[in-house]
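Biologist: Hi! Could you walk me through this one from scratch?
Modeller: Happy to. Let's bring it up on the screen.

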Amino acid sequence: MNIVVCIKQIIDPEIPAEQFRLDPATRRQIRGGLSLVVSAYDQNAVEVALQLRERGGGTVTALCLGERGALGAVKTALGMSVDAGVLVSDPVLLEVEAFGVAHVLARAVQKLGAVDLVLTGCVSGDTGRKIMAPLLAEELGWGCVTFATRVQVQDGRALVRRIVDDGYEMVEGALPLVLSILSDDTNVPRYSKLKDIMAAAKKQVPTWTAADLGVEPARVEAAAARLRLRDMQIPHRESRCELVAGDTPPEQGARLAERLRALKLI
Amino acid sequence: MTDVLIVNAGPGDPVSQHTRELLGAARRLADATRGRVHAAVLASGPDGGGDALIAHGADTLWRLNHPLLQQPQADCWVSGLCQAMPLIGPQVILLADDALGKEVGPRLAARLGAGILTEVIAVATEGEAVLLHRPMYGGRTVAILEATRFPVVATVKPRAIPPAAEQVGRTGEQRSVPLSLDPTLIRVSVRERVAEEVRGARLETARVVVSGGRGLKGAEPFQQLQELAQILKGAVGASRAATDAGWVPASWQVGQTGKTVSPELYIAIGISGATQHLAGMSGAKAIVAINTDPDAPIFKMAHLGVVGDFKAVLPAFIAKCRDLLQG
């Protein structure tokens, strides 16, 4: 079975509030000295792929669209024992809307050959959008299951536990499929073994350009954007926290309740 | 002239709070631009009901009737809605930002060549421009985006937009959309649905949310949170650490990969305040934190806090709450 996991390199989102800065011109986050990481949710997707490989054999390929430096993200995935990695990097692909990204990723998946499953994290680690898997499914013409936590594959069909608003569903469909992966206690990403990290450092990772993939320019040019960023506002937050006093924790607890009542919050 | 379509899951009667919010947004958009409000009802079965949607602001009710639309299945819903679009012709399409909307919205947009914005918290007009507001960077910012083309699809968060008021006796028209749907459309099928026990309020719409995190160190303390939630008539949530540990069901998660909640009161117990968690609860009006670590990021967001061990603080807090509210 051939599995492709789409991974994204992002600015580490787990930073204190003071370290978050916006560029006034682009209205995007300034990287500054902040570290770049593989989105945590994409790592859950890698873990699911690795578990499927352990159970049923096959290969796992990490696919990353990003700047040149995103090679580091591919190497991280290889260090998790993913079999192969591909970086798609091209100046014309730096500022592309989600629809264009889906087009590019779909082309890369098609170039990779016979793929049975494409996995993504259930949410983009920086934009917070949860749309890539459905868009990819539309580009590829495949079925789609979002918010999947557990996946079993047998005889060309997948059985997936999908988390929904009030519980979960067991969803079933024929491969190939696109799945977006949500974390739970069964897919916590494994620690990378030293031998895999060292092997990853030596592995060749091809870089594909838009031309290599036959990307349609009309799908990725600036005019293709269906939404335009007009403004980015930072909501004002009252940062003063009133700490409830008390000689003992139970006293603090009681005072907290009284305070909430006084504020008419309960 | 901006015509707005809202998509309603279910037969249309009674009208849910979330649907009333969609209609509120649709009505304000249409009124500002002399457009019309359409409501699509996806259900199978005989026509009837739906007057409540009209009473809450829909000018035209469109019934998309087909047996394959009886269960919420994305392949069928996307196809059905696509078939209805040439008849309805809206500029803006609003869906609820729930499990189904999060999949149907993007796929519908892809097929229509429309823009898509999910987790929308406000919809506005500026002349003929349609502006959509959405939290970004884990809730640290609010992005305001303008549709460059129409139609545009948006999924709207619950409790973000003022709902439409009912106007008894309001009239509108009801129409049917003939649909051609085939079982071969269905790529994935639901074999089983398991509702996880939710006592009391639902997270997405609760006025009060009590959440537990890594600091609880296990599943058992969540029973105390359930007790507290019951007294406060609220819902219980959890951080990703707690759901990843398997202490509570995944559907209880509040955060970037879980639910976004905007209660009047959010009580975070044993939660450090990771960015991806704050993304899920930053919409809360009042935030209370109980944590042993005075440097936990949650205290930067909280309005009221107790630095202490929940094991020692909670029983007294719960007892006093019970006293004050039930005594």
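Modeller: Let's begin in chain B, where α5(B) passes α9(B) in a left-handed crossing. A crossing is called left-handed if the near helix is turned anticlockwise from the far one by less than a right angle, and right-handed if clockwise. One caution early on: this is a predicted model, so local features need pLDDT of at least 70 and side-chain atom pairs count only at pLDDT 80 or more, while totals for chains, interfaces and linings use all residues. Residues are numbered from 1 along each chain as its sequence is written, with chains lettered from A and ligands numbered from 1 in the order in which they are written.

Biologist: What angle do α5(B) and α9(B) pack at, and how far apart are their axes?
Modeller: Helix α5 (residues 222-231) and helix α9 (residues 310-326) of chain B pack at about 20°, with axes 10 Å apart. Axes here are lines fitted to C-alpha atoms, for helices over the stretch in contact, and angles run from 0 to 180 degrees between N-to-C directions. The two helices are therefore roughly parallel to each other. For that wording, angles under 35 degrees count as roughly parallel, over 145 as roughly antiparallel, 65 to 115 as roughly perpendicular and the rest as oblique. Helices (H or I, at least four residues) and strands (E, at least two) are DSSP runs, numbered from the N terminus.

Biologist: Which residues make the contact between α5(B) and α9(B)?
Modeller: From α5(B) come B:Q224, B:E227, B:L228 and B:I231, and from α9(B) come B:L314, B:I318, B:C321, B:R322 and B:L325. Contact means that the C-beta atoms, placed from the backbone, lie within 7 Å. By class, that is 6 nonpolar, 1 polar and 2 charged residues. In this scheme Ala, Val, Leu, Ile, Met, Phe, Trp, Tyr, Cys and Pro are nonpolar, Asp, Glu, Lys and Arg are charged, and the others, Gly among them, are polar.

Biologist: New topic: how many residues of chain A are in contact with chain B?
Modeller: 69 residues of chain A, and they meet 75 residues of chain B. On the chain A side, α8(A) gives the most, with 10 residues. That side divides into 38 nonpolar, 13 polar and 18 charged residues.

Biologist: Where do α4(A) and α4(B) meet?
Modeller: A:P134, A:L135 and A:E138 in α4(A) meet B:E103, B:P106, B:R107, B:A110 and B:R111 in α4(B). By class, this contact has 4 nonpolar, no polar and 4 charged residues. The two axes come within 8 Å and cross at roughly 40°, and the helices are therefore oblique to each other. Their crossing is right-handed.

Biologist: Do strands join the chains too, I mean which strand of chain B pairs with β13(A)?
Modeller: That's β16 (residues 304-307) of chain B, which pairs with β13(A) in the parallel sense over 2 bridges. A:L243 has B:G305 as its bridge partner there. Two strands count as paired if DSSP finds at least two bridges between them.

Biologist: And what is the strand order in the 7-stranded sheet of chain B?
Modeller: β5-β9-β4-β1-β2-β3-β10, an open sheet with parallel pairing. β5 (115-120) and β10 (173-177) stand at the edges with a single partner strand each, so one side of each is left without a neighbour in the sheet. Neighbouring strands are turned by 20° against each other on average, direction ignored. Helix α3 (residues 74-88) of chain B packs on the sheet, touching β1, β2, β3 and β10, and its direction makes about 145° with that of β2(B). At one edge, β5(B) pairs with β9(B) over 4 bridges, and B:G115 stands opposite B:V152.

Biologist: What are the domains of chain B?
Modeller: Domain 1 is 4-185 and domain 2 is 203-326, with bounds that come from an automatic or database domain assignment. Their C-alpha centres lie 32 Å apart. The contact takes 8 residues from domain 1 and 10 residues from domain 2.

Biologist: Last one: where are the cis peptide bonds?
Modeller: One runs from A:L175 to A:P176, with omega near 5°, and A:P176 is in the loop between β9 and β10 of chain A. Another joins B:F150 and B:P151, with omega about 5°. B:P151 is found in the loop between β8 and β9 of chain B. For background, most peptide bonds are trans.

Note on methods
Two residues are in contact if their C-beta atoms, placed from the backbone, lie within 7 Å.
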